Amino acid sequence: MCHWNTVNWNCIIRKETLEEKLSEEEKHALSRLQKELSEQKKVELLFTDADMEKDITFFLSGHHVKPEECMLLATEPEEVAWAKKDADADSDSDSDQLTIIGYEVPDFSKQMPLSNVDMLLLGLEEVDTEFLLRTFQRKHHLPWRILETKRCYLREITLDDMDDLFDLYNKKGISDYIEPLYERQEEEEYQRAYIENMYGYYGYGMWLVKGKDTHQLIGRAGIDYRKLLDEEIIEMGYVIAPEYQRQGYAYEVCQAIMAWVKNNLEFRRIDCLVEPGNEASLGLLHKLGFQETEKIKQDGKIFRHFWYFSHFLQK
C-alpha cells in the first residue's frame, strides 16, 4: 500500500527511444504506467530527448529539479552513462543521488550495466507506481509504509526511531518474554545492518506500529525469516506498549500481517514461538486460529510452537 503524500519525485522517460524499441504489449504497459503516474499528485512525468552529450544536470536544471528528486527509466547503456556522467566525474556530485531503473528491452543487443542501476527490469507488465516508489525510497533510505489497519499503520524502522524504540523497551513488562535491546551503540549498529540486509534483501521484517491519527509508537510487529531446526520458516512477532494493551491492537495488527503474508509471500505457513508463561500471547494465537504443535527447545529455552497455514488466511 503506497502513501504518495510522503514524498515528491519526478520520473524521467526518454519517450521516443522507448516507443521505437517496445513491442505492442510493452507499449501498452508503458502507457498504463504513465497514466498511473500522471494520476499521482506528488509525481511529475518528464519526457526528454535531451542531448546526451551534455550531462544530466543540464537537463534537470531546465526543469528546476534536483537529481535526488528524480528517477530515470533507462533502456540502453548510453542513457545510464548520460545519467552517471556528472557523478563519475565528481564523486561528491549530487547527480549520484538520481535513482536509475534500467529496462533491458527484449531482443535488444546492448546489455544494461548492472553495477550502475538501482534496479533492473526485464519487462514492464508487472511494474506499477508502488514498485517505482519503493525503488526510489530504497535508494534514499526512506522507510516503506507496509500496511494499514483501522487504527494503525506499519512501517519500517529507521535510525531516527531509536529514542522511541528504547522508550518502548524500557516500559514495564515489555522484555518479560522478548529479548531486550542491546546497548545504544550496539543496537544502532544492529538496526543499521537489519535495515540494509533484512529489509533490503527480503522486503519484510519487524516493523513499527504507529497510530494513524497520532503517529505515536504503539508497538512493534512483523515477520522474520529464520531457520527452525532444519526448516526455513517465517515467524510472526509482536509487542504492544502497556498503555495500548487490552484494546485489541495486537489482534488487529496480527490479522493484517497474516493477510499481508498471504498476498505477498510464498511461504505456506506462519510460525510463532511462545514461552509457556506468556498467557496474553497464547490467548491471542488461539483467537487468531493458530494451531499448537510440538514444543521446541531453542536457545536453551522451551517454547510452545504454533503455526497457521496461509491458505486459510482471508484476504
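# Exercises on a predicted model

Arg145, Glu148 and Lys212 are linked in a network of salt bridges. The structure used in these exercises is a predicted model.

## Exercise 1: Salt bridges

Determine how many salt bridges a search of the whole structure finds, and work out which parts of the chain are tied together by the pair Asp118 and Lys139.

**Solution.** Begin with the general idea that side chains of opposite charge can pair when their charged atoms come close. To count as a salt bridge, a side-chain nitrogen of Lys or Arg must be within 4 Å of a carboxyl oxygen of Asp or Glu. With this cut-off, the search of the whole structure finds 18 salt bridges.

Next, take the pair itself: Asp118 forms a salt bridge with Lys139, and the closest N and O atoms are 3.4 Å apart. Asp118 lies in the loop between β4 (99-103) and β5 (119-121), whereas Lys139 belongs to helix α5 (residues 129-139), so the pair ties together parts that are 21 residues apart in sequence. Asp118 counts as partly exposed, because its relative accessibility is 33%.

Now apply the same steps to Glu243 and Lys171, whose side chains meet in a salt bridge at 2.5 Å, N to O. Glu243 sits in the loop between β10 (231-240) and α8 (249-264), and Lys171 in the loop between α6 (162-169) and α7 (184-202), so this pair ties together parts that are 72 residues apart in sequence. Both partners count as partly exposed, Glu243 at 41% relative accessibility and Lys171 at 29%.

Finally, return to the network: the side chains of Arg145 and Glu148 meet in a salt bridge of 3.4 Å, N to O, and Glu148 is partly exposed, with a relative accessible area of 26%.

## Exercise 2: The open sheet

Describe the order of the strands in the open sheet, and find which strands are its edge strands.

**Solution.** First, follow the order, which is β2-β1-β3-β4-β5; these 5 strands form an open sheet with parallel pairing. The edge strands are β2 (43-47) and β5, each of which pairs on one side only. From one strand to the next, the twist averages 20 degrees.

Then examine one pairing in detail: β4 and β5 pair in the parallel sense over 3 bridges, and Ile101 has Met119 in β5 as its bridge partner.

The last step is to add the helices. Helix α2 (residues 24-38) lies across β1 (9-13), β2, β3 (70-74) and β4, and it runs at about 135 degrees to β2. Helix α5 lies across β1, β3, β4 and β5, and it runs at about 135 degrees to β4.

## Exercise 3: A hairpin

State in which sense strands β6 and β7 run, parallel or antiparallel, and how many residues the hairpin uses to join β6 to β7.

**Solution.** Strand β6 (residues 145-148) is joined by 3 bridges to strand β7 (residues 152-155), and the two run antiparallel. Within this pairing, the bridge partner of Leu147 is Leu154 in β7. The hairpin passes from β6 to β7 through 3 residues.

## Exercise 4: Buried residues

Find which members of the largest nonpolar core touch the most other members, and explain on which side of α6 the buried residues of that helix are placed.

**Solution.** In soluble globular proteins, nonpolar side chains tend to be buried together. Here the largest nonpolar core has 51 residues, of which Trp207, Ile223, Met236, Ile257, Trp260 and Phe290 touch the most other members. Helix α8 provides the largest share of this core, 8 residues. If neighbours within four places in sequence are left aside, Ile257 is in contact with Leu147, Leu154, Trp207, Ala221, Gly222, Ile223 and Met236. Apart from this core lies another, of 21 residues, among them Ala29, Leu45, Leu73 and Leu124.

For α6, list the buried residues, which are Met162, Leu165, Phe166, Leu168 and Tyr169. They cover an arc of only 155 degrees around the axis, and therefore they are on the same side of α6. These buried residues of α6 pack against α7, β9 and β10.

## Exercise 5: Positive phi

Decide whether His64 counts as buried or exposed, and locate Leu229 in the chain.

**Solution.** Most residues other than glycine have a negative phi. His64, although not a glycine, has a positive phi of about 60 degrees. His64 lies in the loop between α3 (56-62) and β3, and it counts as exposed at 73% relative accessibility.

Leu229 likewise has a positive phi of about 60 degrees without being a glycine. Leu229 is found in the loop between β9 (217-228) and β10, and it is exposed, with a relative accessible area of 64%.

Conventions
Residues numbered from 1 in each chain as written. Predicted model: local features only at pLDDT ≥ 70, side-chain atom pairs only at ≥ 80, totals over all residues. Heavy atoms only, no water. Helix = DSSP H or I, 4+ residues; strand = E, 2+ residues; numbered from the N terminus. Buried < 20%, exposed > 50% of the residue type's maximum accessible area, 1.4 Å probe, protein only. Pairing = 2+ DSSP bridges. Axes fitted to C-alpha atoms, helices over the stretch in contact; angles between N-to-C directions. Contact = heavy atoms within 4.5 Å. Core = buried A, V, L, I, M, F, W, Y, C linked by side-chain atoms within 4.5 Å. Arc of directions from axis to C-beta.
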